[in-house]
Amino acid sequence: MPDAPLDLLLLPSWLVPVEPAGVVLGDHGLGIRDGRIVLIAPRAEALRQPATEIRELPGMLLAPGLINAHGHAAMSLFRGFADDLPLQSWLEQHIWPAEGRWVDEDFVRAGTELAVAEQLKGGITCFCDQYFYPKIASEVMHNAGVRAQISLPILDFPIPGAADPADAIRRGLELFDDLRHHPRLKVAFGPHAPYTVSDDKLANILMLADQLDAGIHMHVHETAGEVQQAVERTGERPLARIARLGLLGPRFQAVHMTQVNDEDLALLVESNSSVIHCPESNLKLASGFCPVEKLWQAGVNVALGTDGAASNNDLDLLGESRTAALLAKAVAGSATALDAHRALRMATLNGARALGLDACCGSLEVGKFADLVVFDLNGLAQQPVYDPVSQLIYACGRDCVKHVWVGGKPLLDDGRLTRMDEQRIIATARQWGSRIRGG
């Protein structure tokens, strides 16, 4: 019996599968059926397949949807709130007090909608969110149609939406149950940082993560000061402490890692932990430089994140990829460090691997979900095109994003959101800005 027709056949000028690495396919087609990629073939062969819809995409590049492996979605409502300050004063004197004053379910709903819409318009199909009221955030993500990892925030003290760590974990376990069979959303544990979570809490998180096969997502070695204070207080570097407690491993997601010595590197390699690099947030807060090329060459999986809009100030992973590539060259002292193809891999397949999603997304391979983004390379600033991936990383902005699909469902069509009301989201964000500005 012949196969059913394709739901959609896409015919771009360039198709970049990401896996295998470094490949650009010209004049190929990609076919989608039931939300998954079922065909990647030369154009003539692809056109022999019956299809319900065919889309010609001349001058455009088809790639896996971008994966933002670290962020705090609802903090988009604090965009520009406390700029140009060092991390600890930014956090302790401005952000934490503002969160205590303003963050509730309505704030998280509005801020998450703002973040999801911004990310979709920038080609991001999957992201990690680590913020308060995760159940509310999950409802927004479900309705928007995106893919996400929801990292449950856990600290030693009360947080918005949880009276104490035990309450945060209890509520988190309820969310695990609610989303256990969700096709797009998964839950991980998100202990904030080594300096805000004690050993007994980390041991409990490890036990639960092992039982539930869940990821552990944590800010680690974000600044030199954090590492120095830990050594002065305990004689132990934070990553070494985390290793001693048993948390490192393939499910561990170490965010920032601007401070990496030889012992740290060995721990990351031996444990097969992932590092999530947030270059623009690190630069803005003067937190330090993650040695991406050194980690990559040692075999560490390095993914890419924007961090929150309060410290970036945008959720633009394509721009983040460009910054990561340029910064890696300066840090390594080599123009060949983190080339364009590897930068794109960081923003796609490496992110999927860090979040434990590489079996279903992150690359264009038959059998994976059709999480896709189309970039338009027809513009003035993209001419001429010699290497479309280099052009994407070094000469494109997120205004080049034309179409986005998640699981084969169109969420952005010719630059327009299909399931979210952009003008309503903007109006709501402005209302929140006025309230916060007025105190």
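## Close-up views of a predicted protein model

**Figure 1. Gln 228 is a partly exposed residue of the predicted model.** The relative accessible area of Gln 228 is 48%, and this residue therefore counts as partly exposed. Gln 228 belongs to helix H7, which covers residues 224-234. Ala 324 stands 96 residues from Gln 228 in sequence, and the C-alpha atoms of the two are 25 Å apart in space.

**Figure 2. The whole protein chain, shown for orientation in this predicted model.** The protein chain contains 16 helices and 17 strands. Its C-alpha trace extends over about 65 × 45 × 45 Å along the principal axes. Why does the radius of gyration agree with that of a compact globule? A compact globule of 439 residues would have a value near 22 Å, and the protein chain has 21 Å, so the two agree. Of the 439 residues, 58% count as buried. Where contacts join residues at least 6 apart in sequence, 73% of them link residues at least 24 apart. The exposed surface of the protein chain amounts to about 17,100 Å², of which carbon and sulfur atoms supply 52%. The protein chain carries 39 positive and 54 negative side chains, and the centres of these two sets are 3 Å apart.

**Figure 3. The span of residues 62-410 carries a domain annotation.** An unreviewed UniProt entry assigns the feature "domain: Amidohydrolase-related" to residues 62-410. Within this span, 43% is helix and 17% is strand. The C-alpha atoms at the two ends of residues 62-410 are 14 Å apart.

**Figure 4. Helix H4 and the elements packed against its buried residues.** Helix H4 consists of residues 134-144. Which residues of helix H4 are buried? They are Pro 134, Ile 136, Ala 137, Ser 138, Val 140, Met 141 and Ala 144. Among the helices, these buried residues pack against H3 (105-121) and H5 (165-179). The strands against which they pack are E7 (124-129), E8 (147-154), E9 and E16 (409-413). Just after H4 comes Gly 145, with a positive phi of about 90°.

**Figure 5. Ala 193 is a buried loop residue.** The loop that holds Ala 193 runs between strand E9 (185-191) and helix H6 (199-212). Ala 193 has a relative accessible area of 0% and is therefore buried. Which residues does Ala 193 touch, not counting those up to four places away in sequence? The residues touched are Met 218 and His 219. Glu 226 is 33 residues from Ala 193 along the chain, with a C-alpha separation of 9.8 Å.

**Figure 6. Lys 294 and its contacts.** Lys 294 is part of helix H11, residues 292-298. With a relative accessible area of 39%, this lysine is partly exposed. Apart from neighbours within four places in sequence, Lys 294 is in contact with Val 260, Asp 262 and Leu 265. Of these contacts, Val 260 is one; in sequence, Val 260 and Lys 294 are 34 residues apart, while their C-alpha atoms are 9.5 Å apart in space.

**Figure 7. Asp 34 takes a positive phi.** The phi of Asp 34 is near 55°, a positive value in a residue other than glycine. Asp 34 sits in the loop between strand E3 (28-33) and strand E4 (36-42). Is Asp 34 buried or exposed? Its relative accessible area is 68%, and Asp 34 is therefore exposed.

**Figure 8. His 256 takes a positive phi in a strand.** His 256 is a residue other than glycine with a positive phi, near 90°. The strand that contains His 256 is E11, residues 252-256. The relative accessibility of His 256 is 0%, so His 256 counts as buried.

**Figure 9. The cis peptide bond from Asn 312 to Asn 313.** This bond has an omega near 20°. Asn 313 is placed in the loop between strand E13 (301-304) and helix H12 (317-332).

**Figure 10. The cis peptide bond from Gln 383 to Pro 384.** Here the value of omega is near -15°. Where is Pro 384 placed? Pro 384 occupies a position in the loop between strand E14 (372-376) and helix H15 (388-395).

Conventions
Residues numbered from 1 in each chain as written. Predicted model: local features only at pLDDT ≥ 70, side-chain atom pairs only at ≥ 80, totals over all residues. Heavy atoms only, no water. Helix = DSSP H or I, 4+ residues; strand = E, 2+ residues; numbered from the N terminus. Rg over C-alpha atoms; globule rule 2.2 N^0.38 Å. Buried < 20%, exposed > 50% of the residue type's maximum accessible area, 1.4 Å probe, protein only. Contact = heavy atoms within 4.5 Å. Areas by Shrake-Rupley, 256 points an atom, 1.4 Å probe, with all protein chains shown as cover. Lys, Arg positive; Asp, Glu negative; His and termini not counted. Charge placed at Lys NZ, Arg CZ, Asp CG, Glu CD. UniProt positions renumbered as here; feature names shortened; annotations may be inferred.
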